[in-house]
Amino acid sequence: MGRGKLIVVSGFSGAGKGSIMRELLKNHDNYVLSISMTTRAPREGEVHGREYFFVERAAFEEAIAQNGLLEHAEYIGHLYGTPRAYVEEQLREGKNVMLEIDVQGGMQIREKFPDSMLLFVVPPSAKVLKERLLGRNTENIEQVKRRLLRALDEAPYMEAYDYIVVNDDLEACVEEVHAVISGEKAIPEKDPAFIERFRDDLQKMLQKEGLLHLPTEE
Ligand code: 5GP
């Protein structure tokens, strides 16, 4: 059996990465999802060991010291990292391992695993991004604003990803992602005009709402 592929899935908070990955796991064999470690508090409904391993900062730092994380990064005041052992074991078993991580983590994985595949998920427009963040009711308005500002910081990294996946229709999007990963679709999809338009859109929207100078730390 060949080694599996390491797949990074990044994207703005609210782009729908979670839904895409859930559907992929449901519809196709041979995918597994890495569960990250984080110092942020669980949201309502989140379960330790399912969404994340929720730990104290000291335990996180110990994992770093033991070389137990493949990558780690700080995101809006909290630490997030990918536990190494599970990923390496699953790759050896021939599974495609998906990491849902931020752009800083994505860049670290690119460096350490040059043959990994990096996907960036975006909503069709800045307006839809805001609506989705507001609609999921897990963050208050201040947190939504911070996540939108964070999206603006992350936008330039889209250039470094192999594929940009627009999540408009979930089902179509899932099949597209599967086609890309399984190699049925060989041409990298990067559309510089889209990246620029999206970034401008987001910037204008945040400017209009007077949010551009909000601090991004919680
Ligand atoms: P959330 O708090 O919304 O669950 O996640 C915030 C951000 O952290 C998201 O962009 C998510 O992809 C990212 N993230 C989750 N786990 C990891 C990880 O293990 N490493 C890195 N670098 N980012 C992560």
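**View 1. Polar contacts of the ligand with threonine 82, glycine 81 and tyrosine 80.** In this predicted model, a polar backbone atom of threonine 82 lies 3.4 Å from an oxygen atom of the ligand. A backbone N or O atom of glycine 81 is 3.0 Å from an oxygen atom of the ligand, while in tyrosine 80 an N or O atom of the side chain is found 2.6 Å from a ligand oxygen atom. On its own the ligand has 510 Å² of accessible area, and the protein covers 96% of this area.

**View 2. The shell of residues around the ligand.** The ligand is surrounded by 16 residues, of which the closest are Ser36, Arg40, Tyr52, Tyr80 and Asp102. When the residues of this shell are sorted by character, seven are charged, five are nonpolar and four are polar. At least two residues of the shell come from strand S5, which spans 69-75, and at least two come from strand S6, which spans 78-83.

**View 3. The pocket that holds the ligand.** The ligand takes up the space of the largest pocket, and 16 residues surround the ligand there.

**View 4. The chain as the setting for these close-ups.** Eight helices and nine strands make up the secondary structure of the chain, and its C-alpha atoms fill a box of roughly 55 × 45 × 30 Å along the principal axes. The radius of gyration of the chain is 17 Å, which agrees with a compact globule, because a globule of 218 residues would have a value near 17 Å.

How values were computed
Residues are numbered from 1 along each chain as its sequence is written. This is a predicted model: local features need pLDDT of at least 70, side-chain atom pairs count only at pLDDT 80 or more; totals for chains, interfaces and linings use all residues. Side-chain values use heavy atoms; hydrogens and water are left out. A residue is near a molecule or strand if one of its heavy atoms lies within 4 Å of it. A polar contact is a pair of N or O atoms within 3.5 Å; within protein, one must be able to donate a hydrogen and the other to accept it, and residues adjacent in sequence count only if both atoms are side-chain atoms. Accessible areas come from the Shrake-Rupley method with a 1.4 Å probe; for residues, only the protein chains shown count as cover. On a 1 Å grid over the protein atoms alone, a cavity is a set of points where a 1.4 Å probe fits but cannot get out, and a pocket is an open set with protein on both sides within 12 Å along at least five of seven lines; lining residues have an atom within 4 Å of a point. A molecule sits in a cavity or pocket if more than half of its atoms lie within 2 Å of its grid points. Helices (H or I, at least four residues) and strands (E, at least two) are DSSP runs, numbered from the N terminus. Ala, Val, Leu, Ile, Met, Phe, Trp, Tyr, Cys and Pro count as nonpolar, Asp, Glu, Lys and Arg as charged, and the others, Gly among them, as polar. The radius of gyration is taken over C-alpha atoms; the globule rule is 2.2 Å times the number of residues to the power 0.38.
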